[in-house]
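Good morning, colleagues. Please turn to the structure on the screen, and I shall take you through it part by part.

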Amino acid sequence: MPPPVLSVRGLRVEFPTRRGVLTALSDVSFDIAPGEVLGVVGESGAGKSMTGAAIIGLLEPPGRIAGGEIRLQGERIDTLPYDRMRRIRGKRIGAIFQDPLTTLNPLYTVGRQLIETMQTHLSLSDREARQRAIGWLEMVGIPAAAQRVDSYPHEFSGGMRQRVVIALALCAEPILVVADEPTTALDVSIQAQIIALLKRLAREKGTAMMLVTHDMGVIAETADRVAVMYAGRIAEIGPVRAVVKAPKHPYSAGLMASIPPLDRKVAHLAGIEGAMPRLSAIPPGCAFNPRCPHVFDRCRRERPELIETGTTRAACWLYDPASERQAPELLRHG
Amino acid sequence: MAAFILSRILQAIPVMLVVALISFAMFAYVGDPVAIMLGQDFTEAQRLQLVHDLGLDQPFFVQFATFVGHALQGEFGLSYRLSRPVAELIAERAPATLELAFCAALVALLVGVPMGVYTGLYRNSWLSRAFLTFSLIGVSLPTFLIGILLILIFSVWLGWLPSFGRGEVVRIGWWSTGLLTLSGLKALVLPSITLGMFQLTLIMRLVRAEMLEVLRTDYIKFARARGLSNRAINFGHALKNTLVPVITIAGLQLGGIIAFAIVTETVFQWPGMGLLFIQSVGAADIPVMAAYLLLIALVFVIINLVVDLLYYLVDPRLRIGRGAAGGH
């Protein structure tokens, strides 16, 4: 296996507040291989977006990385000074944000925004940069790119703007793209196009991608592997097929069961009882234990690490041979 | 564009007419010009003759129309106090006020905008706190007090700068300028600071608030995620987005600077329109007051028009009808 593009180990993010330090992420570890798409799913507030922000080095203050490490092609990047990290952002790690209506500067033409990004990172003459800007707009499927390069963001629709954002994220040819909910703000009919475009470009350029979303459909279609996050930790991580078809962690199982099946009628859509705990009130032991249908004593006492389940790795005591209770047939075989 | 300017000019006409009506009303209700012009001894026949000569026996609207007609030609009659044409008096005084207002606006913008950007970017530095405290003083101290304090420090104690007047002026055609002589420039310093101080602090606070707002937006975060330099982000992306409200306020404030130079001109005995106005008020010199009122209204109307045009330069979203929005 080639060395990973991105390697996150034991990442911990804290927010100092007046009422003490809140731990927003803890013990988050994963790798992304070259050209691989890692989907990150979970409820709002599970820490998906924050993981992405930590990787690009743009955590909202007062949030800070309090432990662990982030390596890009083996080089440690979480401790770099602001200006060295700035040179990595855009050049080696591209970012795509959620809402294309607000991510583009309204006062500059899309061409100018593309050109300034490329000229910041690549040594290009004005003419070359402009040619490339037009090339990128064509590549992301904007019709009449040579004319539209001088248009302002408000002259584009939402879907078209997200295409521009994608061009901006990719224009310096990064090796990794962090896409934070890239389709959430778009019409359903546009979502599929944008996902297809992202997938195609990532394949063509060999770009690795971290795709943060709460849309399981997007994950199933795009990702190679999936990480399910819950209350600031990874609950389960594994190949997309295994996690979607046969989730091992009871939380992943609940999440997958809540997707309405298209092939048959269901009288009642399954949900997960209760709500994710607030950061200030995470229960001892497994954070999911108050909502877990399979909970037993050990879950309330000890916090589980990721354990091999055969197909995936899940943070659940049901898969520890030493536990007094083992995973039921339903979970074990999907 | 031409249609836009035309429509704004058409909108300005009623505004100017209303102001003209107010200045006109001053003649009728503030003092009696006939009594003032006749003096102590007169016969009823003389009085009637004068009323007829001045057109005061004509219907109200005819009088008003005559007034507007004359105003359009820049004719406001004779000053009661100085017995000279009002237009001539104002033309003589306008360069002094306009130069003062221009320098005050320059001070306000060139100091206020950078201070606003700095305090927006480095919210917690001690220099920002010092600027904010200073701005509070600038906003709350009345103009005449600032002027007197500056005179006390720089003219009386230090003796660096003159405390009154314009210094030597050079005439270029009908325009007299103090910008070309050393004493003229020195004389401009204190009045400009005094007049611009309030605007300076206002602009600084406005730019700061707008910067804080803009720096929180997604497109600034995205610009950081694209790895742009801090300079490009702060002074290109962020500052440009704060400009629309700043232009509005700065524009209106410039009008205010010209109109309310009265206090500063009085403190520094600056021979401008404001001083002329305050002296005219003292002598109930209504033709001068009426002309001044109309002129200031005109200044505001023109500044508003320029501000609207600047919006179009800064914000492409306002340039309607240029290229159609694309579909999906």
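Let us begin with chain B: which domains does the domain assignment give for this chain? The assignment gives domain 1, residues 2-72, and domain 2, residues 88-282. Please bear in mind throughout that this is a predicted model. Between the C-alpha centres of domain 1 and domain 2 of chain B, the distance is 37 Å.

I turn now to some individual residues of chain B. B:Q63 sits in helix α4, which covers residues 60-72. Is B:Q63 buried or exposed? Its relative accessible area is 18%, and because the cut-off for a buried residue is under 20%, B:Q63 counts as buried. Setting aside neighbours within four places in sequence, B:Q63 is in contact with B:F24, B:G55, B:L56, B:D57 and B:Q58.

One of those partners, B:D57, belongs to the loop between α3, residues 44-53, and α4 of chain B. Here the relative accessible area is 47%, and B:D57 is therefore partly exposed. With neighbours within four places in sequence again left out, B:D57 is in contact with B:V51 and B:H52, as well as with B:Q63. To give a sense of distance, B:D57 and B:L243 are 186 residues apart in sequence, and their C-alpha atoms are 53 Å apart in space.

Further along the chain, B:D308 is found in helix α13, residues 286-314. This residue is buried, at 12% relative accessibility. Beyond its neighbours within four places in sequence, B:D308 is in contact with B:F4 and B:R8.

Let us move to the meeting of the two chains. How many residues of chain B are in contact with chain A? There are 27, and they are in contact with 34 residues of chain A. Together the chains bury about 2800 Å² between them, with 56% of that area on carbon and sulfur atoms. Two salt bridges are counted between chain B and chain A. In a salt bridge between B:K221 and A:E60, the side chains meet at 3.3 Å, N to O. There are also 15 residue pairs in polar contact between the chains, both residues being at pLDDT 80 or more.

Which helices of chain B each supply at least two residues to the side that touches chain A? They are α9, residues 218-225, and α10, residues 230-259. The largest share comes from α9 of chain B, with six residues. By character, that side of chain B divides into eight nonpolar, ten polar and nine charged residues.

Finally, chain A. Its domain assignment gives domain 1, made of 34-54 and 75-228, and domain 2, made of 249-261 and 283-334. Their C-alpha centres are separated by 35 Å. Five residues of domain 1 are in contact with six residues of domain 2, and the two domains of chain A bury about 460 Å² between them, 70% of it on carbon and sulfur atoms. On the domain 1 side, A:E43, A:M216 and A:V228 lose the most area to domain 2, together 90% of what that side buries. One salt bridge is found across this interface, and the side chains of A:E43 and A:R291 meet in a salt bridge at 3.3 Å, N to O.

I end with A:A220, in helix α9 of chain A, residues 216-222. A:A220 is partly exposed, with a relative accessible area of 44%. A:A220 and A:V244 are 24 residues apart in sequence and 7.1 Å apart in space, C-alpha to C-alpha. Thank you for your attention.

Terms used: Residues numbered from 1 in each chain as written. Chains lettered and ligands numbered in written order. Heavy atoms only, no water. Contact = heavy atoms within 4.5 Å. Buried area = accessible area lost by both parts, 1.4 Å probe. Salt bridge = Lys/Arg side-chain N within 4 Å of Asp/Glu carboxyl O. Polar contact = N/O pair within 3.5 Å; in protein donor to acceptor, adjacent residues only side chain to side chain. Helix = DSSP H or I, 4+ residues; strand = E, 2+ residues; numbered from the N terminus. Nonpolar A, V, L, I, M, F, W, Y, C, P; charged D, E, K, R; others polar. Buried < 20%, exposed > 50% of the residue type's maximum accessible area, 1.4 Å probe, protein only. Domains from an automatic or database assignment.
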